[in-house]
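Morning, everyone. I have one structure to go through today, and I will keep to contacts and burial.

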Amino acid sequence: MPPRRERRTGEGPQQPRCHSPGHDNTFILRGLTGFETGRYSRRVGQSGTTLSQQQFLLVTLIVRIAAVSLLAVMVVRYHRFRDLLIHERRGWPMKFFFAISFGLVLTAGVVARLLVRYLGLDITLEGAFLAGLVTGPWGGALVGAMLGTPALIAQQWAALPFAIGCGFAAGGIREACPKEEIWRFSPFVLADVPRYLWRFVRRFEVDWQLVLLAAPLALQLLQQIIFHRWPARIFALEPQNTFQTIMVYLGTILCISTPIKIWNDARIEHRVREQEKLLMKARIDALTNQINPHFLFNTLASISSLVRTKPEAARTLILKLSNMLRRRLRHDEPFVTLREELASVDEYLDIETVRFGPQLRIEKAISPDTLGGLVPSMILQPLVENSIKHGIAPKVGGGRVILRSRRHDGRTVIEVEDNGLGMTGERLEQVFSGTDGNGSGIGLRNVSERLRVIYGDLAGLELTSEPGRGTVARIEIPDTGAGGGGPA
């Protein structure tokens with residue numbers, strides 16, 4: 001039997017080493033987190049489980065892409081940064097804000113590399129290039145200066161001019177190319193490279209997607225050349241074979257194109273929301289413009305019936321109508337307080353009171369805590385008009401209209417009740433559906449549609465009626481504050 005060799009003091013199992021510069025004894029835990037943590041790492045090392053140089057490089061590239069993507073998602077949540085993305089006319093305060101906030105986070109990654117020798121968070125080339133694409137030459141140069149300063153302090157002399165050059169080059173591309181071409185740049189651009197090349201050969205035109213693709217690749221090549229010539233003067237990943245080289249260049253493209261894709265999706269989402277708002281406003285305006293001629297036609301019909309028999313009353317109605325229209329032209333707002341809406345209804349009731357005289361009685365039961373709530377303008381007048389025209393006017397001996405409002409379960413409830421002729425359930429259905437044949441119910445359908453467009457399922461118009469006893473129109477509007485109802 002061969003003699004046993006005694007282990008010397010301090011001698012232990014030899015731990016495989018990763019030949020990546022500055023990363024000795026790099027195990028799985030350290031490859032993912034950048035740190036070697038005492039007993040656990042020693043156990044992993046003793047078990048022989050290590051990352052090869054190629055595995056470590058791939059993990060570093062994945063961490064880089066994940067880190068820059070997470071940063072892109074975080075910054076797009078702030079409204080000031082969203083304004084920077086959406087509006088192309090940007091002042092220096094907005095650009096400076098982006099450069100400082102974006103650059104500080106990336107600079108922390110450079111400091112992490114210098115202090116704890118972790119490569120996954122140093123995104124100098126990609127960060128400066130991104131800043132230049134978004135803010136222009138000087139914003140990119142400012143971020144590049146922030147990223148290159150810690151490396152310059154660590155005596156990596158080429159890092160600062162290289163980072164500034166990356167930001168300035170990207171800013172120059174931004175100034176030269178159409179802005180939408182930048183936002184079209186995405187990780188999927190690699191699949192379209194043959195099409196872009198064919199278009200370039202066929203038309204001899206500059207394809208900006210190829211420019212945006214070639215520029216960071218050229219900067220990465222320049223970084224590799226400087227690193228191999230003066231390895232202590234700049235930081236760069238060091239691929240050992242063709243596959244690793246391809247992965248490094250692909251990682252550079254993904255670190256730039258992925259945030260651009262995330263930010264462009266945010267821009268598109270914002271534009272969709274803005275288009276939805278404009279569409280809703282157009283629909284509300286169309287409904288409002290529909291009710292105004294309807295009201296005007298009915299009022300003029302009332303005046304024409306008094307011109308021969310009561311000329312003075314007709315003259316009074318014309319004056320009140322002109323004052324009412326003048327007031328509405330001055331205050332063309334989509335939402336008003338309930339107090340202002342009731343004042344507008346009072347002007348309309350003044351006209352109807354002159355027409356009907358003592359046969360028309362108006363009663364109010366308005367809760368004071370609802371007067372400050374916001375309601376859509378011209379929402380009550382069609383209901384009051386419907387009560388008078390279809391409920392009170394055909395009734396012998398006239399009648400009364402009651403206006404009520406109250407707060408209930410966080411909602412503003414408004415009711416318009418009359419003791420007119422009333423309607424059957426079948427007649428109500430015909431009025432709401434517009435199948436009655438005489439064009440009545442325009443005001444009711446208008447109110448219902450406006451509430452649906454503005455509030456969705458949170459508000460609505462409910463109509464109950466009984467023949468010979470009258471009709472009650474009930475509106476419920478959700479509150480958006482302490483004062484009462486408002487737009488959702």
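I will take the aromatic residues, then the salt bridges, then two helices.

Before that, a caution: this is a predicted model.

Let me start with the aromatics. The structure holds 2 aromatic pairs. In one of them, the ring centres of Phe102 and Trp263 are 6.1 Å apart and the planes sit at 70 degrees, so this pair is edge-to-face. Phe102 belongs to helix α5 and Trp263 to helix α12, so the contact ties together parts that are 161 residues apart in sequence. Are these two residues buried or exposed? Both Phe102 and Trp263 are buried.

The other pair is Trp138 with Phe168, again edge-to-face, at 5.3 Å centre to centre and 80 degrees between the planes. Trp138 is in helix α7 and Phe168 in helix α8, 30 residues apart, and the pair links distant parts of the chain. Trp138 is exposed, because its relative accessible area is 57% and the cut-off for exposed is over 50%. Phe168, at 38% relative accessibility, counts as partly exposed.

Those two residues come up again on the surface. Together with Trp92, Trp138 and Phe168 make a nonpolar surface patch of about 390 Å². Trp92 is placed in helix α5, residues 92–116, and is partly exposed at 48% relative accessible area.

Now the charged residues. The count comes to 14 salt bridges, and I will show three.

Glu180 and Arg267 form a salt bridge at 3.2 Å, N to O. Glu180 is in helix α9 and Arg267 in helix α12, 87 residues apart, so to speak of distant parts of the chain being linked is fair. How buried is each partner? Glu180 is partly exposed at 40% relative accessibility, while Arg267 is buried at 2%.

Also in helix α9, Arg184 and Glu181 meet in a salt bridge of 2.8 Å, N to O. They are 3 residues apart in that helix, which means a separation of about one helical turn. Arg184 is partly exposed, with a relative accessible area of 43%, and Glu181 counts as buried at 17%.

The third salt bridge joins two strands. Glu415 in strand β5 and Arg404 in strand β4 are 11 residues apart, and their side chains meet at 3.4 Å, N to O. Glu415 is buried, with 11% relative accessible area, and Arg404 is partly exposed, with 26%. Both belong to a network of salt bridges that also takes in Arg406, Arg411, Glu417, Arg474 and Glu476.

Last, the helices. Helix α14 runs over residues 338–356; at 1.5 Å a residue, its 19 residues should span 27 Å, and the end C-alpha atoms are 26 Å apart, which agrees. Its buried residues include Leu338, Leu342, Val345, Leu349 and Phe356. Why speak of one face of this helix? Seen down the axis, the buried residues of α14 fall within an arc of 165 degrees, so they line one face. Just after α14, Gly357 takes a positive phi of about 70 degrees.

Leu342 counts as buried at 9% relative accessibility. Its C-alpha atom is 9.2 Å from that of Leu403, 61 residues apart along the chain.

Helix α11, residues 208–229, passes the length check too: 22 residues should span 32 Å, and the end C-alpha atoms are 31 Å apart. Among its buried residues are Leu210, Leu213, Pro216, Gln220 and Phe227.

That is my part; questions are welcome.

Technical notes: Residues numbered from 1 in each chain as written. Heavy atoms only, no water. Helix = DSSP H or I, 4+ residues; strand = E, 2+ residues; numbered from the N terminus. Expected span 1.5 Å × (residues − 1). Buried < 20%, exposed > 50% of the residue type's maximum accessible area, 1.4 Å probe, protein only. Arc of directions from axis to C-beta. Patch = residues over 30% accessible without salt bridge, like charges linked within 9 Å, V, L, I, M, F, W, Y side chains within 5 Å. Areas by Shrake-Rupley, 256 points an atom, 1.4 Å probe, with all protein chains shown as cover. Salt bridge = Lys/Arg side-chain N within 4 Å of Asp/Glu carboxyl O. Phe/Tyr/Trp six-rings, centres within 6.5 Å; stacked < 30°, edge-to-face > 60°.
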